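Colleague: I should be grateful for a close look at one part of this predicted model, namely the helical packing around its main nonpolar core. Please set that part in the context of the chain and follow it outward to its surroundings.

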Amino acid sequence: MDVWVLYRHELRSALREPGIVINSLLVPLALYPLLLWLMSSGFLLAVGQAAAMTSRVAVQGPAPPKLLDALRKDPKVDLQPPPADLAAAVRSGTLDAGLDCQPLDPAGNVDLHLVCDLSVDRSAMARQRVEDAVDGYRGGWLKDESERRGIGSSIWEGFRIKLFDVAANRDVAAYIVAMVVPATTLLMVTLGAFHPAIDATAGERERSTWETTLGLGVPRRAILIAKYLYVATAGAVAGLLNMSALGLSTASMLSGLMRDSTVQFSVSPWAAVTLALGTVVVALLVAAMMLVAGVFARSFKEGQGVLSPMLLVITLPMLLVTPHTVFTWKMACVPLVNVMLVFRDALQGVFHLDLVGLSLVVSLGAVGAALWLALWILQFEEVASGSYAGHLGTLLREKLSR
């Protein structure tokens with residue numbers, strides 16, 4: 001009962017803080033989906049501008065007439081007089097690409113040297129256009145020569161490769177979503193719990209209400225659990241709102257990126273339940289870790305300095321989990337990493353129940369260990385009162401050395 005009363009008090013107090021409302025509710029609901037939409041729109045705009053550019057190309061040496069005709073007929077290629085130095089012209093940006101034709105034998109065969117600068121979008125696009133023209137010329141030349149000599153295409157080709165992509169649009173969309181959603185959810189849970197964690201510890205000390213809270217006549221354990229549930233609720237709400245906003249905007253973003261207006265992507269009920277429960281588990285663990293670090297802060301500014309490195313530690317799994325990371329029992333034993341892998345597989349319709357269960361046990365065990373550590377820390381009066389000037393490492397060295 002004490003925990004419930006204190007928990008409701010913390011939530012009511014948080015709703016009066018504009019910073020907490022903005023970071024825990026408004027930002028995850030609107031900012032990151034908006035940023036992703038702007039990024040995808042900017043990417044499509046850049047690709048469209050590069051495709052619309054005319055490539056300035058110069059041909060040097062005895063080029064085959066049909067190859068020159070193919071380049072002249074391409075409306076995206078602007079043939080220019082060859083300069084004295086092709087490489088220098090491409091490097092300076094005067095040309096986008098240069099084709100140096102060097103004769104090989106009296107029969108008219110040539111060795112083609114394509115000069116381009118792949119660090120520049122215009123040059124990379126010019127390279128692609130020149131290569132397409134060369135491939136077309138080469139294919140036509142082989143066909144004409146084989147017909148003149150009476151050789152069938154199946155003889156001189158040897159074999160053909162035909163590509164059959166069995167991945168549907170939904171599979172490709174699930175692959176893209178599985179890369180984006182776990183990382184953004186972990187980030188938003190962390191940011192959503194960041195300010196409440198500071199407010200619940202250092203903020204109370206700065207407002208001089210910490211002593212009043214400790215003197216309420218309730219067990220110190222109840223105070224800590226109420227604050228912990230408040231921080232975990234803020235992180236979970238931020239994560240769930242972010243996931244909901246991403247779900248509503250995913251279809252339009254994927255349609256633009258995949259250039260297909262018929263993209264269909266949906267999450268199965270089991271995957272939705274897994275994502276929601278996983279977000280809550282992540283919030284529980286992140287809140288426990290932040291409280292352990294935040295109890296040592298004595299002011300809001302000091303709390304930001306203490307918890308800022310914690311942001312880097314918590315978001316490190318974003319770099320460890322890739323589309324090619326194999327979900328094994330060893331990875332299931334790593335907190336936060338295991339939940340992100342569960343997210344990734346669930347979005348792709350894959351459920352390893354044994355690994356999911358192990359991940360849940362490991363995550364809840366980490367939550368229990370962090371809460372026990374926080375309770376152990378608060379039993380020391382100098383830490384509870386805010387007079388302790390050290391951090392977790394110094395406290396452990398002092399107490400365990402005795």
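Modeller: Of the 402 residues in this predicted chain, 40% count as buried. The chain comprises 17 helices and 4 strands. Among contacts with a separation of 6 or more, 71% join residues that lie 24 or more positions apart.

The part in question is best approached through the largest nonpolar core, which has 71 residues. Within this core, the residues with the most contacts are Val-231, Val-286, Met-290, Ile-377 and Leu-395. The elements that each give two or more residues to the core are α1 (2-14), α7 (169-206), α9 (220-258), α10, α11 (300-314), α14 (337-347), α15 and α16 (381-385). Ile-377 offers a view of the surroundings of one such residue: leaving out residues up to four places away in sequence, Ile-377 touches Val-292, Val-295, Phe-296, Val-383, Leu-392 and Leu-395.

Two of the contributing helices, α10 (residues 269-294) and α15 (residues 353-378), pack against each other with their axes 9 Å apart and at an angle of about 25°. Because of that angle, α10 is roughly parallel to α15. The crossing in which α10 passes α15 is left-handed. On the α10 side the contact is formed by Val-281, Leu-284, Leu-285, Ala-288, Met-289 and Val-292. Facing them from α15 are Leu-360, Ser-363, Ala-366, Val-367, Ala-370, Leu-373, Ala-374 and Ile-377. By class, this contact of α10 with α15 holds 13 nonpolar residues, 1 polar residue and no charged residue. Ile-377 thus appears in the contact with α10 and also among the residues with the most contacts inside the core.

Helix α15 has a further partner in α14. The axes of α14 and α15 come within 9 Å of each other and cross at roughly 145°. This crossing, too, is left-handed. From α14 the contact draws on Asn-338, Val-339 and Val-342, while α15 supplies Val-356, Ser-359, Val-362 and Ser-363. These residues divide into 4 nonpolar, 3 polar and no charged. Ser-363 of α15 takes part in the contact with α14 as well as in the contact with α10.

Helix α14 also holds Asp-345. This residue is buried, because its relative accessible area is 7%, and the limit for buried is under 20%. Neighbours within four places in sequence aside, Asp-345 is in contact with Phe-327, Val-350 and His-352.

Leading into α14 is the loop that begins after α13 (329-332), and Leu-336 is placed in that loop. Leu-336 has a positive phi of about 70°, although it is not a glycine. Most residues other than glycine have a negative phi. With a relative accessibility of 5%, Leu-336 counts as buried.

Val-337, which lies within the range of α14 (337-347), connects this region with Leu-320. The latter residue is found in helix α12 (residues 317-320). Leu-320 and Val-337 are 17 residues apart in sequence, and their C-alpha atoms are 7.5 Å apart in space. With neighbours within four places in sequence set aside, the contacts of Leu-320 are with Thr-325 and Val-337. At 45% relative accessibility, Leu-320 counts as partly exposed.

For context, the chain also has a second, separate core of 14 residues, which includes Val-57, Leu-68, Ala-133 and Val-134. Ala-133 and Val-134 also belong to a helix contact, that of α3 with α5. The axes of α3 (residues 65-73) and α5 (residues 121-149) come within 9 Å and cross at roughly 135°. The two helices are therefore oblique to each other, and their crossing is right-handed. Lys-66, Leu-67 and Leu-71 of α3 meet Val-130, Ala-133, Val-134, Tyr-137 and Asp-144 of α5. This contact has 6 nonpolar, no polar and 2 charged residues.

Val-57, another member of the second core, has its C-alpha atom 8.6 Å from that of Pro-81, 24 residues apart along the chain. Pro-81 is found in the loop between β2 (77-80) and α4 (86-92). With a relative accessible area of 69%, Pro-81 is exposed.

Methods: Residues numbered from 1 in each chain as written. Predicted model: local features only at pLDDT ≥ 70, side-chain atom pairs only at ≥ 80, totals over all residues. Heavy atoms only, no water. Axes fitted to C-alpha atoms, helices over the stretch in contact; angles between N-to-C directions. Parallel < 35°, antiparallel > 145°, perpendicular 65-115°, else oblique. Left-handed = near helix turned anticlockwise from the far one by under 90°. Contact = heavy atoms within 4.5 Å. Nonpolar A, V, L, I, M, F, W, Y, C, P; charged D, E, K, R; others polar. Buried < 20%, exposed > 50% of the residue type's maximum accessible area, 1.4 Å probe, protein only. Core = buried A, V, L, I, M, F, W, Y, C linked by side-chain atoms within 4.5 Å.
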